[in-house]
Amino acid sequence: MGARDAGDTGVDIPYFDTNVYDVYRGNPCPGTPPPPVRMYTCDPLNTSSCPAGQSCYPSIDYPTMVCGVETYRTDCFPAGTSGQDTFCMFGTQCRVGFSCFVTGAMNRCLRLCRLDGRPPQCDNGTVCEISDIPDFGACQ
Amino acid sequence: MSRWSHPWVCVLGVYTVLSVGCGARSGLRDMDAGPGWECLTNAECSDGVYCNGVETCIEGRCAPGAPVVCMSTDPCSTGACDESTRACVYTPVTPDADGDGYRAPLPGFPPGAPGSCGNDCNDHDPNIHPGAREICNGIDDNCDGIIDNNATLTPSGMDVQVSTSSIEPSEPGGLAYSGESYLASYAGYEDSKSHVYTATLDRMGAGVGMPSQVRLTQPPADAFGADAVWNGTEYGVVWDDRRDPGGGYEIYFNRLDPSGQRLGPDLRVTYAPGFSLNPTVDWTGSEWVIAWQDERNEIGSGSYQIFLQRLDAEGRLILPNQLFTHGRVDDESPVIAAGPEGLGMVWMSLRSGGRAVWFSAMDNTFNRLLPDQLISPAGQESVGANLVWNHDRWTIAWYDDGDSSPDHEVWAATRDAGGVLRTAPVRVSMNPNYSRYPTMYPMGDRLAVVWADDRIDGAYKIFYRMVSRDLVPLTPETPVTMAPGGSVYPTISRGPAGDVGILFRDQRMGPIQTWFTRLVCAIPVQP
C-alpha cells in the first residue's frame, strides 16, 4: 500500500542463488535506536519554499551499515515537468509539489500531501498514502 | 480325584501340578482338554472360549461347539461376537471419522440416500453434519444440499481501532483467521521507523492476550506489511524490510503460532540489489508460496519483475528465488493464491502498454498452465488487482485508475482453473465517484466484494455487495463503515460463525490508524 521514495537504487549485492539462507534471531541493534537525521532545507509541501523555477524534493539517504540511521533530506532542485501519475525514475522529473514514488503500480510522480489531514490534501479520488519518509505523504 | 484317564499328561511326572491341573479348570488343563479328548462330563471339554461355541462331551469324547453367529437385522451394522462380554456386538458399517455423531455414507452413495448408511456430507469436519448451523462460508454446513441456505452478509455497525495510538500513521497489511481468533498485521510508525505489528483479535475485534499488539519486526529499520495466511496450524507472514545495509528492501518470512508468537527467527527470502517489495503469501496444503516484485535485474530503470518462492512447511526455502516474468517491461504488485488444482496469480503489468491486470494459472511448482492472460479491458488503467478461488474458478477484481477515465469503478472477471475465460470483465461498482481497493470473500455459489468508495460526502467508506459466481449482482452496493474520516485499503478474512472480518485504514479520529469491522452472516429463517 505504501509509497516508497524512488530515488535510491541500492547497492549491488550478489543475490542469493543457493539453498543457504539467513535467519534473524532478534534485534541486532540493542538499545534505543537513534532517530533518523532530518536535513530539511525547504518544505516540499510549500510550493514557494524554493526559488523560482525550482521545487523542493524529499529524498532518503539509506544507511549503509547494520543499525545505521536514515537521513531524510529536502532540497531545492530545478523543477521537473511531469504531473500526477506520470512515469518517473527521479523526483526531479516531477513538477512543483510532486515527487517520484515507488507505488506498486509503476514508479510515478505523485502529489505530496500531509498525513495529518491538513492541506494540501488529495483530490480526484486519490488518498494520501504513507511513504517511507513519515513526514510526507503522496496522493495515489 | 481320578487322574488315570490322562496318563499321557501325567507321565510328565510333575505330580503335584497335575494333581491340581488334571480335571481342574486351570490353564494347563485347558491346553490339554478339548475336542477329541476323552471325557466324562461337558465341563471337562470346555476350552473357556465363548465365541467358538460350547464344547460338549459326547460318547466319552469332547466335541467342538458351534461358533456364535451374530446376525444383524440392520443392513448398516455388522455383528461380531465379543469374548469379553460374551455377547454379540453390532458395529456400524460406516465411520464417523470426525466424531460429530454423524456417519459418512457408503462409497458410491450420496449422503442420506436410501442404503447409504450415513448422512454426513463431510466426515472430516465436525462442524459439518445434518442439523449443523449454516453459516456464510461457501460450504453446505447442514448437508441439505444447499450452500449457505441463501445467507447474506450484513454490516455489524461496530468499528474497532486496532493499532494503538503509540504508532502512527498505521495501515493494514493482512488479516487471517485461525478458527479461534483473527491475526491482524499492520505497519505503523514508531519513533520515525515503520515496523510491522500483529494483534490477535476476537470476533468483535477486541485484542486477545497481553499485550494484544506485538511488534513483529525488531530491528530499527523500516518494514511494511505483512500479508498473512493461516495453514490450519500456524500463520505464515511475509513483509518487506530494509534491516540489512545497502538500502534495498528485502522480503522476509516467519511463522506464527495461533497467539501470534513467532515460531522461529525471521527468514530472509531475497538477497537482491535494489528493492524487493509488496510480497504476498498463501499455503498450498503442503508448502508456503510467496510472490513479490523485484528490481534486481532492472536497477535504475524503474521496472520490476515478479519473483516467486516456495518454502516447506517448516519455512525453509525450496530452490532459489524463481523469476516469473522474463520481459523487460514493468510487472508489479502480485497477488498469489492457492486453489485445489494449482496456483493463480494476478499482477499489474505494462506489457500491453498502459497499466493493466494480468493473470497466470500455474501448478504448485510454478509451471504455467497457459500463457499469461490479459484480464482488464484494453485501454483501461487497471491496478489494485486481487484474486480468490471460488468453488470452480478464479475470480479477479481490480479498479480503473485512469485520471481521464469516466469510470473509476471496481471491476471483476473469472477464469477457470486452467486460466480459460469464464466471465468477461464486468463492473462491480457503479457510481459517479471513485471505487477502489477491491478484495473478495469466496462463498462458493456467491462472492462478497469489499472495496473503498467515496460516493457519500466525498469521503471514502468501506462498501460491499454480493455477486453470483458469474458476477451477477445479488445485493445493492452497501456501506459497511459510515465514519467521515476516510476508510480505505480493506483486507478481509473469514471469521467465526460465518463472519467476514475487515481490516482497514481509517482517519476518523485524526491520526491514520488500522481499524477492524465485520460483516455478520444472516441466514433467512427456514420453514
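Start by selecting β3(A) and β5(A), residues 71-78: these two strands run parallel and pair over 4 bridges. Keep in mind that you're looking at a predicted model. For a spot to zoom in on, pick Y40(A), which sits opposite T74(A) in β5(A).

Now add β4(A) to the selection. You have an open sheet of 3 strands, ordered β3-β5-β4, with mixed pairing. Click on the two edge strands, β3 (37-40) and β4 (54-61) of chain A: each has a single partner strand, so one side of each is left without a neighbour in the sheet. Tilt the view and check the twist, too: neighbouring strands here are turned against each other by 20 degrees on average, ignoring direction.

Next stop: colour chains A and B separately and go to where they meet. Here 61 residues of chain A are in contact with 67 residues of chain B. About 5,300 Å² is buried between the two chains, and carbon and sulfur atoms give 56% of that.

How many salt bridges are there between chain A and chain B? The count is 3. To see a salt bridge, select R108(A) and D401(B), whose closest N and O atoms are 3.7 Å apart. Across this interface there are also 16 residue pairs in polar contact, with both residues at pLDDT 80 or more.

Finally, hide chain B and look at the side of chain A that touches it. The elements giving two or more residues to that side are β1 (4-5), β2 (23-24) and β8 (128-130) of chain A, with β8(A) supplying the largest share, 3 residues. Colour this side of chain A by residue type and you'll get 30 nonpolar, 17 polar and 14 charged residues.

Technical notes: Residues are numbered from 1 along each chain as its sequence is written. Chains are lettered from A and ligands numbered from 1 in the order in which they are written. This is a predicted model: local features need pLDDT of at least 70, side-chain atom pairs count only at pLDDT 80 or more; totals for chains, interfaces and linings use all residues. Side-chain values use heavy atoms; hydrogens and water are left out. Contact means heavy atoms within 4.5 Å. Buried area is the accessible area (1.4 Å probe) that two parts lose on being put together, summed over both. A salt bridge is a side-chain nitrogen of Lys or Arg within 4 Å of a carboxyl oxygen of Asp or Glu. A polar contact is a pair of N or O atoms within 3.5 Å; within protein, one must be able to donate a hydrogen and the other to accept it, and residues adjacent in sequence count only if both atoms are side-chain atoms. Ala, Val, Leu, Ile, Met, Phe, Trp, Tyr, Cys and Pro count as nonpolar, Asp, Glu, Lys and Arg as charged, and the others, Gly among them, as polar. Two strands pair if DSSP finds at least two bridges between them. Axes are lines fitted to C-alpha atoms, for helices over the stretch in contact, and angles run from 0 to 180 degrees between N-to-C directions.
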